[in-house]
Each structure stands twice: as C-alpha cells, then as structure tokens.
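Trainee: Could you take me through this model and show how each label is earned?
Mentor: Gladly, let us look at it together.

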Amino acid sequence: MAVTHGAPTRSAIATAVLGQIDAGTAGNLVFRTAGAAEAATLALSVVSGIVAAAVLTFEPISDDASATGGTTDNATIEDSAAATVLACSVGTVGEDINLSSVSIGVGDTVTMTSLTYTAPV
C-alpha cells in the first residue's frame, strides 16, 4: 500500500507551501533552462495565493516584460530571498506548467494566466 495523506493533511501541506512562498515580501516564478539559467522571472503577488481543499490557487502573477530568454524546461517558485520552495517541469503539454512555447526570446513578454499547486495525496 502506498503512503497517502488525508484531506486535512493535504490542506496543511498546501498552506505550509503558501507560508514559505509568502515569507518576507513577494516571491517569484522563475522559468529556467536545462542548465538552470533564468529565462524569465514573473513576480508573485505579496499574498501569493489562497488555499482551499488542498489546492493553492495563485493570485494574479505579474508579466515579465523583458525576459532574459532561453529554452525553458523547468521552473522554480521562490520566496523573496530567492530560496526555492517548489520546482517543477515545464513544457507545452503534459508537464507541471504548460506554456504555448518553451522558447523564450530575449526581451519577450512572458505571461502566466493561471497557476495552481495541488498538495500530494
């Protein structure tokens, strides 16, 4: 039998993740290349989201209007001190974060229209 978490524990995990992201001032969503270089950084709201039923739904995320550029395949969600709270895969389909294109040009505007994190079962 696999280890699972009950609903209250899952909500507590999502709330703890939110607390770590929101420690200090606003955190960031950073899209990275395979070599961990920054391709784009999008600022999170000061209160980055809300938790309900083990799902963290992020508040509006600011665009990066002048991306560094690169081909992204992963992202980190960081607190205001740039400590990684979450790391995830990036692609165009079937990944943790799906973008219209993983190729980000220098100076491109990168927009995230919605983002959620679901605590593990």
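**How the labels are earned**

Mentor: Let us begin with D22, which sits in the loop between α1 (7–21) and β1 (28–33). Helices (H or I, at least four residues) and strands (E, at least two) are DSSP runs, numbered from the N terminus. Keep in mind that this is a predicted model, where local features need pLDDT of at least 70, side-chain atom pairs count only at pLDDT 80 or more, and totals for chains, interfaces and linings use all residues. Residues are numbered from 1 along each chain as its sequence is written, and side-chain values use heavy atoms, with hydrogens and water left out.

Trainee: What makes D22 a residue with no salt bridge?
Mentor: A salt bridge is a side-chain nitrogen of Lys or Arg within 4 Å of a carboxyl oxygen of Asp or Glu. Lys and Arg count as positive and Asp and Glu as negative, while His and the chain ends are not counted. For D22, the nearest side chain of opposite charge is R32, and that is 17 Å away. D22 is nevertheless buried.

Trainee: Which residues does D22 touch?
Mentor: Contact means heavy atoms within 4.5 Å. Not counting residues up to four places away in sequence, D22 touches S45, V46, V47 and S48.

Trainee: How many salt bridges does a search of the whole structure find?
Mentor: The search finds one. R32 pairs with E78, and their closest N and O atoms are 2.7 Å apart. The pair links distant parts of the chain, with R32 in strand β1 and E78 in strand β5 (residues 70–78), 46 residues apart. As a general point, side chains of opposite charge can pair when their charged atoms come close.

Trainee: Why is R32 called buried?
Mentor: Buried means under 20% relative accessible area, exposed over 50%, and partly exposed in between (1.4 Å probe, protein chains only). R32 has a relative accessible area of 18%, so R32 is buried. Its partner E78 has 7%, so E78 is buried as well.

Trainee: Is T33 buried or exposed?
Mentor: T33 is found in strand β1. Its relative accessible area is 16%, so T33 is buried. Leaving aside neighbours within four places in sequence, T33 is in contact with G70, T71, T72, D73 and N74.

Trainee: Why does P8 count as exposed?
Mentor: P8 lies in helix α1. Its relative accessibility is 67%, so P8 counts as exposed. The C-alpha atoms of P8 and A43 are separated by 29 Å, with their positions 35 residues apart along the chain.

Trainee: How do you know that A75 is buried?
Mentor: A75, in strand β5, has 0% relative accessibility, so A75 counts as buried. Leaving aside neighbours within four places in sequence, the contacts of A75 include L29, V30, F31 and R32. A75 and R32 are 43 residues apart in sequence and 5.4 Å apart in space, C-alpha to C-alpha.

Trainee: What about L29, buried or exposed?
Mentor: L29 is found in strand β1, and its relative accessible area is 0%, so L29 is buried. The C-alpha atoms of L29 and L42, 13 residues apart along the chain, are separated by 5.1 Å.

Trainee: What is the phi of A53, and what is the phi of A54?
Mentor: Phi of A53 is near 50°, a positive value in a residue other than glycine. A54 has a positive phi of about 70° although A54 is not a glycine. A53 is in the loop between β3 (49–52) and β4 (55–58), and A54 lies in the loop between β3 and β4.

Trainee: Why is A53 called exposed, and why is A54 called buried?
Mentor: A53 has 68% relative accessibility, so A53 counts as exposed. A54 has 2%, so A54 counts as buried.
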